[in-house]
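Here's a quick walk through a protein model, from the overall fold down to a single side chain. Have a look at the sequence and structure first, then read on.

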Amino acid sequence: MSPETQLAADVRKTEILALPASSPLLARIPKRTQGSLLRMFTDPHLLEKSERAELVAGLRECVRAHPDVSDLRVVYGMALCVDFKVEDAIEELREGVRLAPDSFLAQLKMGELWMRLRVCEKAEEHTRQAALLARNMAQSELARRQAATLRTLMHNGILRSGPSYRGPWYLVSKLRNLWSRNRREAEALATVDVQ
(Lines give C-alpha, C1' and ligand atoms only; values in the text may rest on other atoms or scores of the structure.)
Protein backbone atom coordinates (compact mmCIF):
# COMPACT_ATOMS: atom_id res chain seq x y z
CA MET A 1 0.00 0.00 0.00
CA SER A 2 1.41 3.37 -1.00
CA PRO A 3 1.85 6.15 1.59
CA GLU A 4 -0.88 8.24 -0.10
CA THR A 5 -3.36 5.35 0.02
CA GLN A 6 -2.50 4.70 3.67
CA LEU A 7 -2.94 8.41 4.50
CA ALA A 8 -6.34 8.51 2.74
CA ALA A 9 -7.46 5.39 4.64
CA ASP A 10 -6.35 6.91 7.96
CA VAL A 11 -8.23 10.15 7.20
CA ARG A 12 -11.41 8.20 6.42
CA LYS A 13 -11.10 6.24 9.68
CA THR A 14 -10.61 9.49 11.62
CA GLU A 15 -13.65 11.06 9.94
CA ILE A 16 -15.78 8.01 10.79
CA LEU A 17 -14.67 8.13 14.41
CA ALA A 18 -15.43 11.85 14.62
CA LEU A 19 -19.04 11.41 13.49
CA PRO A 20 -21.64 11.27 16.28
CA ALA A 21 -23.11 7.87 16.97
CA SER A 22 -26.21 7.37 14.90
CA SER A 23 -28.40 6.03 17.65
CA PRO A 24 -32.17 6.12 17.21
CA LEU A 25 -32.40 6.78 20.94
CA LEU A 26 -30.10 9.82 20.85
CA ALA A 27 -31.87 11.15 17.77
CA ARG A 28 -35.04 11.49 19.85
CA ILE A 29 -33.34 13.40 22.67
CA PRO A 30 -32.94 17.18 22.19
CA LYS A 31 -29.37 18.40 21.62
CA ARG A 32 -29.35 20.52 24.80
CA THR A 33 -30.26 17.44 26.86
CA GLN A 34 -27.73 15.14 25.18
CA GLY A 35 -24.77 16.93 26.78
CA SER A 36 -26.16 16.54 30.30
CA LEU A 37 -27.08 12.94 29.52
CA LEU A 38 -23.53 12.11 28.46
CA ARG A 39 -22.20 13.81 31.62
CA MET A 40 -24.65 11.73 33.67
CA PHE A 41 -23.25 8.53 32.15
CA THR A 42 -19.68 9.72 32.73
CA ASP A 43 -20.11 10.78 36.35
CA PRO A 44 -23.54 11.67 37.73
CA HIS A 45 -21.97 13.46 40.71
CA LEU A 46 -20.71 16.20 38.37
CA LEU A 47 -24.23 17.39 37.57
CA GLU A 48 -25.42 20.36 39.57
CA LYS A 49 -28.97 20.41 40.92
CA SER A 50 -30.15 22.72 38.12
CA GLU A 51 -28.50 20.50 35.49
CA ARG A 52 -30.19 17.42 36.91
CA ALA A 53 -33.55 19.19 36.87
CA GLU A 54 -32.99 20.31 33.27
CA LEU A 55 -31.99 16.78 32.25
CA VAL A 56 -35.07 15.29 33.88
CA ALA A 57 -37.31 17.91 32.25
CA GLY A 58 -35.78 17.30 28.82
CA LEU A 59 -36.14 13.53 29.10
CA ARG A 60 -39.69 13.89 30.44
CA GLU A 61 -40.66 15.81 27.29
CA CYS A 62 -38.93 13.20 25.16
CA VAL A 63 -40.86 10.38 26.88
CA ARG A 64 -44.12 12.28 26.43
CA ALA A 65 -43.38 12.59 22.72
CA HIS A 66 -42.42 8.88 22.41
CA PRO A 67 -44.24 7.00 25.21
CA ASP A 68 -43.77 3.53 23.71
CA VAL A 69 -39.95 3.58 23.51
CA SER A 70 -38.60 1.40 26.31
CA ASP A 71 -35.02 2.70 26.13
CA LEU A 72 -36.20 6.28 26.62
CA ARG A 73 -38.14 5.21 29.70
CA VAL A 74 -35.05 3.45 31.08
CA VAL A 75 -32.80 6.48 30.50
CA TYR A 76 -35.46 8.74 32.03
CA GLY A 77 -35.67 6.41 35.04
CA MET A 78 -31.90 6.54 35.43
CA ALA A 79 -32.00 10.35 35.34
CA LEU A 80 -34.73 10.34 37.98
CA CYS A 81 -32.48 8.18 40.17
CA VAL A 82 -29.66 10.69 39.76
CA ASP A 83 -32.12 13.44 40.73
CA PHE A 84 -33.16 11.41 43.83
CA LYS A 85 -36.75 10.84 42.69
CA VAL A 86 -36.82 7.14 43.45
CA GLU A 87 -40.57 6.48 43.33
CA ASP A 88 -40.85 8.07 39.89
CA ALA A 89 -37.75 6.16 38.78
CA ILE A 90 -39.31 2.85 39.85
CA GLU A 91 -42.42 3.63 37.81
CA GLU A 92 -40.46 4.59 34.69
CA LEU A 93 -38.16 1.57 34.89
CA ARG A 94 -41.14 -0.69 35.54
CA GLU A 95 -42.83 0.74 32.44
CA GLY A 96 -39.61 0.25 30.46
CA VAL A 97 -39.54 -3.43 31.48
CA ARG A 98 -43.23 -3.80 30.64
CA LEU A 99 -42.74 -2.28 27.19
CA ALA A 100 -39.70 -4.45 26.41
CA PRO A 101 -39.40 -7.46 28.72
CA ASP A 102 -36.57 -8.78 26.52
CA SER A 103 -34.45 -5.64 26.98
CA PHE A 104 -31.15 -6.35 28.70
CA LEU A 105 -30.74 -2.72 29.77
CA ALA A 106 -34.26 -2.40 31.20
CA GLN A 107 -33.91 -5.58 33.26
CA LEU A 108 -30.39 -4.72 34.44
CA LYS A 109 -31.27 -1.18 35.53
CA MET A 110 -34.48 -2.31 37.24
CA GLY A 111 -32.43 -4.91 39.12
CA GLU A 112 -29.81 -2.30 40.00
CA LEU A 113 -32.41 0.07 41.42
CA TRP A 114 -34.00 -2.67 43.53
CA MET A 115 -30.51 -3.72 44.68
CA ARG A 116 -29.68 -0.16 45.75
CA LEU A 117 -32.97 -0.04 47.64
CA ARG A 118 -32.03 -3.41 49.25
CA VAL A 119 -35.12 -5.18 47.89
CA CYS A 120 -33.00 -8.20 47.14
CA GLU A 121 -35.66 -10.65 45.92
CA LYS A 122 -36.83 -8.32 43.15
CA ALA A 123 -33.26 -7.30 42.37
CA GLU A 124 -32.24 -10.93 42.02
CA GLU A 125 -35.15 -11.65 39.68
CA HIS A 126 -34.36 -8.75 37.31
CA THR A 127 -30.60 -9.31 37.42
CA ARG A 128 -31.05 -12.98 36.56
CA GLN A 129 -33.31 -12.03 33.66
CA ALA A 130 -30.70 -9.54 32.45
CA ALA A 131 -28.01 -12.22 32.58
CA LEU A 132 -30.19 -14.51 30.47
CA LEU A 133 -30.74 -11.70 27.95
CA ALA A 134 -27.03 -10.76 27.66
CA ARG A 135 -25.90 -10.81 24.04
CA ASN A 136 -22.16 -10.24 24.43
CA MET A 137 -19.36 -10.61 26.95
CA ALA A 138 -19.65 -7.01 28.19
CA GLN A 139 -23.33 -7.44 29.03
CA SER A 140 -22.64 -10.80 30.66
CA GLU A 141 -19.92 -9.22 32.78
CA LEU A 142 -22.20 -6.37 33.90
CA ALA A 143 -24.91 -8.83 34.93
CA ARG A 144 -22.36 -11.08 36.64
CA ARG A 145 -20.92 -8.21 38.69
CA GLN A 146 -24.36 -7.01 39.72
CA ALA A 147 -25.34 -10.54 40.74
CA ALA A 148 -22.12 -10.88 42.76
CA THR A 149 -22.82 -7.61 44.58
CA LEU A 150 -26.35 -8.79 45.25
CA ARG A 151 -25.15 -12.12 46.65
CA THR A 152 -22.77 -10.23 48.94
CA LEU A 153 -25.61 -8.07 50.22
CA MET A 154 -27.79 -11.11 50.83
CA HIS A 155 -24.94 -13.01 52.50
CA ASN A 156 -24.40 -10.08 54.86
CA GLY A 157 -28.10 -10.01 55.67
CA ILE A 158 -28.79 -6.61 54.17
CA LEU A 159 -32.39 -6.94 53.08
CA ARG A 160 -35.09 -4.32 53.20
CA SER A 161 -38.29 -5.73 51.77
CA GLY A 162 -40.14 -8.82 50.75
CA PRO A 163 -40.63 -12.02 52.70
CA SER A 164 -37.31 -11.70 54.53
CA TYR A 165 -37.96 -8.16 55.78
CA ARG A 166 -39.64 -7.80 59.15
CA GLY A 167 -39.29 -4.09 59.77
CA PRO A 168 -37.44 -2.10 62.41
CA TRP A 169 -40.00 -2.82 65.14
CA TYR A 170 -40.02 -6.59 64.67
CA LEU A 171 -37.66 -7.25 67.59
CA VAL A 172 -39.57 -4.88 69.88
CA SER A 173 -42.89 -6.58 69.09
CA LYS A 174 -41.36 -10.02 69.69
CA LEU A 175 -40.01 -8.93 73.09
CA ARG A 176 -43.39 -7.42 73.97
CA ASN A 177 -45.15 -10.67 73.07
CA LEU A 178 -42.64 -12.63 75.15
CA TRP A 179 -43.17 -10.37 78.17
CA SER A 180 -46.95 -10.64 77.80
CA ARG A 181 -46.74 -14.42 77.59
CA ASN A 182 -44.47 -14.59 80.64
CA ARG A 183 -46.87 -12.36 82.59
CA ARG A 184 -49.88 -14.55 81.63
CA GLU A 185 -47.99 -17.70 82.61
CA ALA A 186 -46.97 -16.17 85.96
CA GLU A 187 -50.58 -15.12 86.64
CA ALA A 188 -51.81 -18.61 85.70
CA LEU A 189 -49.29 -20.20 88.05
CA ALA A 190 -50.28 -17.80 90.83
CA THR A 191 -53.97 -18.75 90.49
CA VAL A 192 -53.12 -22.44 90.46
CA ASP A 193 -51.09 -22.05 93.70
CA VAL A 194 -53.94 -20.17 95.40
CA GLN A 195 -56.49 -22.89 94.71
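## The chain overall

Buried residues account for 29% of the 195 residues in the protein chain. Keep in mind that you're looking at a predicted model. As for secondary structure, the chain has ten helices and zero strands, so to speak an α-α-α-α-α-α-α-α-α-α pattern when you read along the sequence.

What about contacts between residues that sit apart in sequence? Take the contacts in the protein chain between residues at least 6 apart: 55% of them join residues at least 24 apart.

## The nonpolar cores

The largest nonpolar core has 32 residues, and the ones touching the most other members are L37, M40, L55 and L59. Plenty of helices chip in here: α3 (31-42), α4 (49-65), α5, α6, α7 (104-116), α8 (120-133) and α9 each supply at least two residues of this core. Which helix gives the largest share? That would be α5, with eight residues.

There's also another core, lying apart from the largest one. This one has five residues, among them F104, L108, L133 and A143.

## How α5 and α6 pack

Two packed helices are described by the angle between their axes and the distance between the axes. For helix α5 (residues 70-82) and helix α6 (residues 86-99), the axes come within 8 Å and cross at roughly 160°. Anything over 145 degrees counts as roughly antiparallel, and therefore α5 and α6 are roughly antiparallel to each other. Their crossing is left-handed.

Who makes the contact? On the α5 side you'll find S70, R73, V74, Y76, G77, L80 and C81, and on the α6 side D88, A89, E92, L93, E95, G96 and L99. Sorted by type, the residues of this α5 with α6 contact come out as seven nonpolar, three polar and four charged.

## Zooming in on Q146

Now for a single residue: Q146, which lies in helix α9 (residues 137-155). Is Q146 buried or exposed? Its relative accessibility is 7%, and the cut-off for buried is under 20%, so Q146 counts as buried.

Which residues does Q146 touch, leaving aside its neighbours within four places in sequence? Q146 is in contact with L108, G111, E112, M115 and T127. One of these partners, L108, turned up earlier as a member of the five-residue core.

Methods. Residues are numbered from 1 along each chain as its sequence is written. This is a predicted model: local features need pLDDT of at least 70, side-chain atom pairs count only at pLDDT 80 or more; totals for chains, interfaces and linings use all residues. Side-chain values use heavy atoms; hydrogens and water are left out. Helices (H or I, at least four residues) and strands (E, at least two) are DSSP runs, numbered from the N terminus. Buried means under 20% relative accessible area, exposed over 50%, partly exposed in between (1.4 Å probe, protein chains only). Contact means heavy atoms within 4.5 Å. Axes are lines fitted to C-alpha atoms, for helices over the stretch in contact, and angles run from 0 to 180 degrees between N-to-C directions. Angles under 35 degrees count as roughly parallel, over 145 as roughly antiparallel, 65 to 115 as roughly perpendicular and the rest as oblique. A crossing is left-handed if the near helix is turned anticlockwise from the far one by less than a right angle, and right-handed if clockwise. Ala, Val, Leu, Ile, Met, Phe, Trp, Tyr, Cys and Pro count as nonpolar, Asp, Glu, Lys and Arg as charged, and the others, Gly among them, as polar. A nonpolar core is a set of buried Ala, Val, Leu, Ile, Met, Phe, Trp, Tyr and Cys residues joined through side-chain atoms within 4.5 Å.
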